[in-house]
Structures are given as C-alpha cells and as structure tokens.
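This briefing is written to be read beside the sequence and the coordinates. Please keep both in view while going through the points below.

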Amino acid sequence: MSFPSSFPGCDRKNMMMTTTVERPTSTTPRRDSLLKQVHEIGKTVLAIHADDVDRAARFPAESICALRDAELLSAYVPQEYGGLGLSVVELSRVCDVLGQYCGSTAMIYAMHCIQVACVTHHAQQSSFFRGYLKRLVDEQRLMASATTEVGTGGDLRSSICAAEIAGSRFKLTKQAPVISYGQEADDILVSCRRAPDAQASEQLHILVSRGEYTAVPISNWDTLGFRGTCSSGFTLTAEGDVQQILPTPFDQILSQTMHPVSHIVWASLWSGIAADAVNRARAFLRVEARKTPGETPLAAIRLAEVDQVLQELRHNVRGLAHEYQELLDADNPEGAHGFGFAIRTNNLKLSASQRIVDIVGRALLICGIAGYRNDSKFSLSRHLRDSYGAAVMVNNDRITKLNATMLMAHKEGF
Amino acid sequence: MSQSIGSPAVDVGVIREVIAQHARLGRDLVDADDVLDLYSVGLTSLATVGVMLALEDRFDLEFPESMLGRDTFRSIANIQEAIQSLLA
C-alpha cells in the first residue's frame, strides 16, 4: 500500500507558504519564547484532542499539524539549514511540555527528533543529507524509524534484512514489528545489514522517503497506552539511491546519538506526563481546600511527597541531558561511546520509567475516585496507561541485563 | 603463558583464540590481518566485555578503566599493543 500524502485537516501546501513568508531572519527570539509557544499549542490543540486520540487510537493529526505550523519539526535542525538549532537540553524541555498535554503527540515528536538528531550528527558530510535537512525544514517532513525487526528479539545491534546494492541503487525488505506512525511518516530511517553476506551486526542506516517504499501492515496497534502513536508492524519494501545511506556505520549512530537522545527525550516527555498528573492532583486538592479555607487538606501531604519524586525525575533527566550536551559541545563522540555514559543513559531510562508509574499512582490516590473515573476532569486513566508503556518500550529487563554486562567491565563511578 | 618476565612478547595466537571464542563475529578470522578493524566486521561494544574478561584471564592482568575505550579492542594489533603495555 502507499501512504496518503497529507493529513486530513492539515493543508501543508498552504502552511508552507505561510511559514515561508513569516519566517524570522534570526531564530534567536523564537528560541527565547519557544516554551511559551509550545505551552500555547499544548493548551489550544494537544489537550483538546488528547482524549479522542487516546480513545480512538488514532494519529494526532491536528497536534502534529500544529507543530508543523510552528516549524517545530525542524527544531533540532541547525540554524544554517533554517532550523531552530535547539540544543538537546532545550529539546528535552519541549518534549516535557508536550508530554503535559498529550503523551502520544509528545512521543511521536520525540521519536521524530531522535531521527533528526541521527541525520544532524552523522550525515552532514554528505551533500545529499545537507539537502535533505533543508527539505526537512522547508517541508516540515515527519521522520519515523524502523530499527527493530521480527526475529532479532529487540536487539537493535542485530539485523536480518540486508541492503542489496547494485551500482548506485539499493533495495531492501524489512519485517518491522513496530514502525510508530509508519502510515503518516514522510521518511523512515531503516537499519539493515550492509550486504546479504554481512554479519548480523554489520549494519547500515538508510533513509527511505514516501514514494520509494511500500509498507504492508502485519500487525495492529491496540494497546493500553500511547495509543495515538499508531505503532503497527509492517513489511517495509524500499529502494533508492546509495546516497541515502547515512555515511556513518549504524553502531556509531546508535551509541553516539540514537541511544542517548532516545532516553533523554523519552524521559523528558514521561516527566511531562507525570507533571500533568501531579497538576491534576493539585487542582483536585485546591477544590477541596476551598471548602475549608485556612486548613490544608490532609491529602495535600501526598502532594508534597509526590512533588519530591517529580523533582528527582526531572533532575535526573536534566543531569543526563546536560552531560550529553557537554559531550556534543566538546565534540567528544568517544565519550558517548564509553560504557560509563551508556550505563548512566540506561539508568535514566530504568529510573524514569519506574518513577512515572510511581508518580501517576500517587496522584491517583490523591484524586481518588475522581481520578479513577474516565469522565472526570481529574481523570488519570490516560496518564496511568501511558505511564506503564515506559517500562516496556525497550524492555527494562533487557536494559538491566545490558548494564549488568557492561558493569563487569566498567570500574569507575561517575 | 607464552611470555616470560623481561620479554613481554604477547602471543597473538592466544588473542586470536579469545576473539574466536568471545567476539561473536560469526566468521573465521584465522587468516585475518592483525590490523583488520574488528568493528567493521561486526564486533559490538557489548561483545568486547567478553573479550576483555577472557584476555584478563588468559594473560593474568587487568585492563584499567582508561584502556576500556573503543580503540583498545579495534584490532588484534591494538589488543596486542595494549597487553604489551600492561605487561611491560
């Protein structure tokens, strides 16, 4: 099957004309007011559609369209290509804010930004990818990822499918158990073996664009949470020019960018979901407090307690985001390659994915039956269901085992 | 061990054996060049842990944290050089 070229209700041609006219000559003022703008989009678009997106397990077309209108799909693209050139630390905060309004939209945005970071960090030496980054800015293209594969047990450093290269052309077919928003993406970054006779771990990363691939669904996406990410499985068949192969081996892209950026932006949006749960608990308590002015409700003690956990979660995310940003600023990819940094990155994922469940659960106890209901403004149903996704997307047991292995070699503490 | 005190010549055969057993490359490197980039033929950073532990066992040494970078295990020649410096 081929995918539709635009979302219903989102006139991209018109949007592009508008934004071309309005694009500021310098992006610095935009960066300064960016979070305010993201909150505004969150309140006026994401929050409005979040429940319907969740209920129907549908792609949040209105929300992604709003992010496109604000040119946020190129937020991480360097300014020389027309992007906002955000740092990872700034990007992390954007994901946190989006998470406060719609977990699925925030997750889609975070996953898109991971792919943008892969190209930005590892492909600018190629004229094809420099051109691609400009197109991404102008067309606000949405990038998806096809890294996991049926038969590899979730091991990203192992591929079964292979690129078959003949002259300047390649073709490949991948059985992907999950391609989040695969039906809606403009481009997909696919990992595969570099040749049919290569080992499972000899991998390339290839960009395939709409029109160059077909994706036949092999599974649905009817899940507990993050329902709007529409992460169905597909048989992906693609072909293209060898220029579309990223000029850096996949193992380096994974360890230096995909792994750290994923866990930073995911933990950021989980923080946002957790923060909104705490905000709902606070709102509930304020209603209670108004009934007995001058007296703090007993359950507010739980608010004080959960606030501590939320602070720990956010500081954990910020700590690793800053550490990674320092490695990027120092142009020290080897630092991101080391076991120490990889272990700390995994620890962030493990810790954040458990804390989000803890925080939303505590908020639920504060809101009581009002939080348990689906039809209450204090409902925490979506937050709770989304929060359990954190531990199973890249399973925590697998990550813990990886850390256990690396800790056999790694000796120094941080 | 093949080397003796004062003559830290590292037995490359042992290194090749360790790589064959622990590097999980899925291919025979018996005739491979000593400077072949092992990462280019599929060595993963996780597999280097097994290689490192086996080398520590076989050569009765311990790699300090500072040597646990990607370059140390990049090739047979690099491993040999690293071990040589630890035995010197």
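Gln140(A) is buried, because its relative accessible area of 1% falls under the 20% limit for that class. In this predicted model, Gln140(A) lies in the loop that joins helix H7 (127-139) to strand E1 (143-146) of chain A, and its phi is near 50°, a positive value in a residue that is not glycine. The points that follow take up backbone geometry, the domains of chain A, and the interface with chain B.

**Backbone and local positions**

- Most residues other than glycine have a negative phi.
- Ala57(A), like Gln140(A), departs from that pattern, with a positive phi of about 50° in a residue that is not a glycine.
- Ala57(A) sits in the loop between helix H3 (34-56) and helix H4 (61-69) of chain A.
- Pro333(A) belongs to helix H10 (residues 333-337) of chain A, and it counts as partly exposed because its relative accessibility of 36% lies between the 20% and 50% limits.
- Although Pro333(A) and Thr257(A) are 76 residues apart in sequence, their C-alpha atoms are 8.9 Å apart in space.

**Domains of chain A**

- Chain A is divided into domain 1 (12-141), domain 2 (145-244) and domain 3 (250-409).
- The centres of domain 2 and domain 3 of chain A, taken over C-alpha atoms, are separated by 29 Å, and the contact between these two domains takes 14 residues from domain 2 and 13 residues from domain 3.
- Domain 2 and domain 3 of chain A bury about 1,100 Å² between them, with carbon and sulfur atoms giving 70% of that area.
- On the domain 2 side, His205(A), Leu224(A) and Phe226(A) lose the most area to domain 3 of chain A, and together they account for 49% of what that side buries.
- Across this interface of domain 2 and domain 3 of chain A, the rule finds 0 salt bridges, whereas it finds 4 residue pairs in polar contact, both residues of a pair being at pLDDT 80 or more.
- Strand E5 (residues 203-209) of chain A gives the most to the side of domain 2 that touches domain 3, contributing 3 residues.
- The residues on that side of domain 2 of chain A divide by class into 4 nonpolar, 7 polar and 3 charged.

**Interface of chain B and chain A**

- The contact between the two chains brings together 22 residues of chain B and 19 residues of chain A.
- About 1,600 Å² is buried between chain B and chain A, and 53% of this area is on carbon and sulfur atoms.
- Of the area that chain B buries against chain A, 37% is supplied by Leu46(B), Glu65(B) and Arg70(B), which is more than any other three residues supply.
- The rule finds 1 salt bridge across the interface of chain B and chain A, and the side chains of Asp251(A) and Arg70(B) meet in a salt bridge with an N to O distance of 3.0 Å.
- Arg70(B) therefore appears twice in this account, as a partner in that salt bridge, where the 3.0 Å distance is within the 4 Å cut-off, and as one of the three residues named for buried area.
- The count of residue pairs in polar contact between chain B and chain A is 3, with both residues at pLDDT 80 or more.
- The side of chain B that touches chain A is made up of 9 nonpolar, 7 polar and 6 charged residues.

Notes: Residues numbered from 1 in each chain as written. Chains lettered and ligands numbered in written order. Heavy atoms only, no water. Contact = heavy atoms within 4.5 Å. Buried area = accessible area lost by both parts, 1.4 Å probe. Polar contact = N/O pair within 3.5 Å; in protein donor to acceptor, adjacent residues only side chain to side chain. Nonpolar A, V, L, I, M, F, W, Y, C, P; charged D, E, K, R; others polar. Helix = DSSP H or I, 4+ residues; strand = E, 2+ residues; numbered from the N terminus. Buried < 20%, exposed > 50% of the residue type's maximum accessible area, 1.4 Å probe, protein only. Domains from an automatic or database assignment.
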